[in-house]
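Dear colleague,

I am passing on the structure we spoke about, and my notes on it follow below. Please read them with the model open beside you.

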Amino acid sequence: MYRKNKVNYLKLHSIYGISLIMLVITIIVMIILATTVIITIVQNNPIEKTKEAKFKSDIKNVQEELEMYVDKQYLDTLGNFDRTTVRKENLELLKDSRLSDKIDIQNGQLVYIGKDEKEKIWFDDIIGNIPEIKYSLIEEFAKTNVEYVDASSENKTAIIPKGFKILKDETNNAYTNIDEGLVIVDKNGNEFVWIPVGSNINGTVLEYKKREYNQGTRVIDTDKEADVVKFSGLKDQLANMDASVLKNKGFYLSRYEAGKDINGNLVSKRGMQVWNYITWNDAKLKVEGMIYDSVKATLPNGKMWDTVITLAELSGKDPLDSTLWGNQGSNPYKTNVTPNNPAHTGAHEKWMVKNIYDFAGNVWEWTNEIEAFGPIGRGGCYSGEGSDDTVACRGCAGDIMASEDYMGFRIALYII
């Protein structure tokens, strides 16, 4: 009898033990389900969603009113207007007490000054999605270096230097597309094109490096080891150029070959007399005499030149035969251009790639690329065939005193 009762006791104990474990598991499952339901309700809270949609709509409307107000001021003052003078009192929508304590205008841009963290996120969602093509970069010269984000070119970036702005052409269109050649202009009207180092161009990353070019049995090779120390300050300058280009992911190249205006000033403008008959040393001094606040003017180095060649090549241009895209020997587009002399800057649209004119041909261009014998010229000239003296060719090496009608130069800018 004792043994039977003992067995029953053990069975009962086991049954109660299993029930307790099942109860605990059930409670845990219910807690998890309840938590999931609560999170789902919070995330899909219709009241919160409505509040978010209303706030974002208000911000979009305020941004549109701001841009319309600025546009009107530019028109009314014939362009003599400073965007940074705009105050929130100038906008009707910011007179609404619901927004006046949350939104301010600082340096001509909307700024969130409220305390609500969710509203700050919603505000950033809207303002962050507005392309960084600020009106002031087109109508005003940048007051400091500005990072420009091109929404039309997969958000590629460029630095707009202090004292420059994005160029508008005669039809009032702005050259804002980095993939097609972002063009900026200084206060004297000199034009430069951004070279987007590290960007993806038609599926290939644009690298900043020197290249060798095989042309049949001829190798247009990179420069030999050279004693750059004998060229005053050039070694340090080349190192600074490299560091700047890599840090800022690009550099600027003058849109045109160096030109000379009627007052004898160095310019990068269309329709100018090409500045030829100049030695390497004089070209270097002329370029470095262009003083800016946040960029350094210099002759392009070999890496810069080859990077632009790569950019042209990725755009369908042949680096080993530049006949069709430069003012060279048998180029078929010599209409209204003196056959045996350099053309004026920007003479023909066919001699342009990515908004850069006469990169191939017209005149050899002095560079800061140094061979064992001295500085070299790049790009070929009007009298050489594009299949021989190509845009990739390294020529006119060594004679720093050479001063010929077929020798000119071009300006590069790097951020400092």
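In which sense do β19 and strand β22 (residues 407–409) pair, and over how many bridges? Before the answer, please keep in mind that this is a predicted model.

The two strands pair in the parallel sense, over 3 bridges, and within that pairing Trp366 has Phe409 of β22 as its bridge partner. β19 is also joined to strand β20 (residues 374–378), in this case by 4 bridges and with the two strands running antiparallel; here Glu371 has Gly374 as its bridge partner in β20. Strand β19 (residues 364–371) is largely enclosed by the rest of the structure, because 8 of its 8 residues are buried. The cover extends to both faces, since Trp364, Trp366, Asn368 and Ile370 are buried on one side, while Glu365, Thr367, Glu369 and Glu371 are buried on the other. As background, side chains in a regular strand alternate between the two faces of the sheet.

As for the protein as a whole, it has 8 helices and 23 strands, and buried residues account for 46% of its 416 residues. Of the contacts between residues at least 6 apart in sequence, 63% join residues that are at least 24 apart. The accessible surface comes to about 21600 Å², and carbon and sulfur atoms hold 54% of it.

There is also an open sheet of 6 strands, with antiparallel pairing and the order β5-β6-β7-β12-β23-β16. Its edges are β5 (164–166) and β16 (295–298), each of which has a single partner strand, so one side of each is left without a neighbour in the sheet. From one strand to the next, the twist averages 30 degrees. At the β5 edge, 3 bridges join that strand to the antiparallel β6 (residues 183–186), and Ile166 stands opposite Ile184 in β6. Helix α8 (residues 302–314) packs on this sheet, where it touches β7 (191–195), β12 (251–254) and β23 (412–415), and the direction of the helix makes about 85 degrees with that of β12.

Finally, you may wish to look at the internal space. The count comes to 1 cavity of 30 Å³ or more, and the largest cavity has a volume of about 60 Å³. The residues that line it include Ile178, Asp179, Glu180 and Gly181, as well as Leu311 and Lys354, while the largest share of the lining, 3 residues, comes from β7.

With best wishes

How values were computed:
Residues are numbered from 1 along each chain as its sequence is written. This is a predicted model: local features need pLDDT of at least 70, side-chain atom pairs count only at pLDDT 80 or more; totals for chains, interfaces and linings use all residues. Side-chain values use heavy atoms; hydrogens and water are left out. Buried means under 20% relative accessible area, exposed over 50%, partly exposed in between (1.4 Å probe, protein chains only). Contact means heavy atoms within 4.5 Å. Accessible areas come from the Shrake-Rupley method with a 1.4 Å probe; for residues, only the protein chains shown count as cover. Two strands pair if DSSP finds at least two bridges between them. Axes are lines fitted to C-alpha atoms, for helices over the stretch in contact, and angles run from 0 to 180 degrees between N-to-C directions. On a 1 Å grid over the protein atoms alone, a cavity is a set of points where a 1.4 Å probe fits but cannot get out, and a pocket is an open set with protein on both sides within 12 Å along at least five of seven lines; lining residues have an atom within 4 Å of a point. Grid points are joined across faces, edges and corners, and a volume is the space filled by probe spheres set on the points.
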